[in-house]
Amino acid sequence: MRTRYRFVFVLVLTSALALVVTASAADNNIGTWKLNPAKSKYSPGPAPRSQTLKIEAWGEDGVKYTSDGVNADGTPTHTEFQAKYDGKDYPFKGNPDADTIAYTRIDSNTCEAVTKLKGKVNIHARVIVSKDGKTLTLTQKGTDSRGRDVNNVIVYDRQ
């Protein structure tokens, strides 16, 4: 009888662990990412001096995103949001070019985002994590809060 309980316990523990591993592997965005300025292109510029993204799982199908960095002029920056992959608008705090963001997952390595400023769509973005999981590339197109065209390719390295 004792062996049977031990077997059931091990089976339940193994199943729970498999679910956790599967859930975290299902979204390759999750992790800490550091800006690689040499591989990034900002239009309009200038590029920030530094930026680190921390992307965590949030709920059953979403992310908690925190970004800290330093602008080209030396000003510290901090942005954050929590969004599900449901295409609905969620508050985007600290971003001068957007006050909401909507996320949609394409697959485990790709998602798309749409930002709005005062209810108007202004930036379309695509996030792609490389197959080896070491690089995240964010491509942004649209207009910033000053009406300038945005055409950025921002590359991050996994930490």
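**View 1. The whole chain, with one helix and ten strands.** Welcome to this predicted model. Starting at the N terminus, the order of elements is α-β-β-β-β-β-β-β-β-β-β. The protein chain has 159 residues, and 30% of them are buried. Of the contacts between residues at least 6 apart in sequence, 30% link residues at least 24 apart.

**View 2. The surface of the protein chain.** About 10,000 Å² of the protein chain is exposed. Carbon and sulfur atoms account for 57% of that area.

**View 3. The largest nonpolar core, built from 23 residues.** Look here for Trp33, Ile55, Phe81, Tyr103, Leu136, Leu138 and Tyr156, the residues with the most contacts inside this core. Strand E8, which covers residues 120-129, contributes the most to the core, with three residues. As a general background, nonpolar side chains in soluble globular proteins tend to be buried together.

**View 4. Asn152 in strand E10.** Strand E10 spans residues 149-158, and Asn152 sits within it. Is Asn152 buried or exposed? Asn152 counts as buried because its relative accessibility is 7%, and buried means under 20%.

**View 5. The surroundings of Asn152.** Which residues is Asn152 in contact with, leaving aside its neighbours within four places in sequence? They are Lys41, Tyr42, Ser43, Pro44, Leu138, Thr139 and Gln140. One of these, Leu138, also appears among the residues with the most contacts inside the largest nonpolar core. For Ser43, there is a further detail to find: a polar atom of the Asn152 side chain lies 2.8 Å from the backbone nitrogen of Ser43.

Conventions: Residues numbered from 1 in each chain as written. Predicted model: local features only at pLDDT ≥ 70, side-chain atom pairs only at ≥ 80, totals over all residues. Heavy atoms only, no water. Helix = DSSP H or I, 4+ residues; strand = E, 2+ residues; numbered from the N terminus. Buried < 20%, exposed > 50% of the residue type's maximum accessible area, 1.4 Å probe, protein only. Polar contact = N/O pair within 3.5 Å; in protein donor to acceptor, adjacent residues only side chain to side chain. Contact = heavy atoms within 4.5 Å. Core = buried A, V, L, I, M, F, W, Y, C linked by side-chain atoms within 4.5 Å. Areas by Shrake-Rupley, 256 points an atom, 1.4 Å probe, with all protein chains shown as cover.
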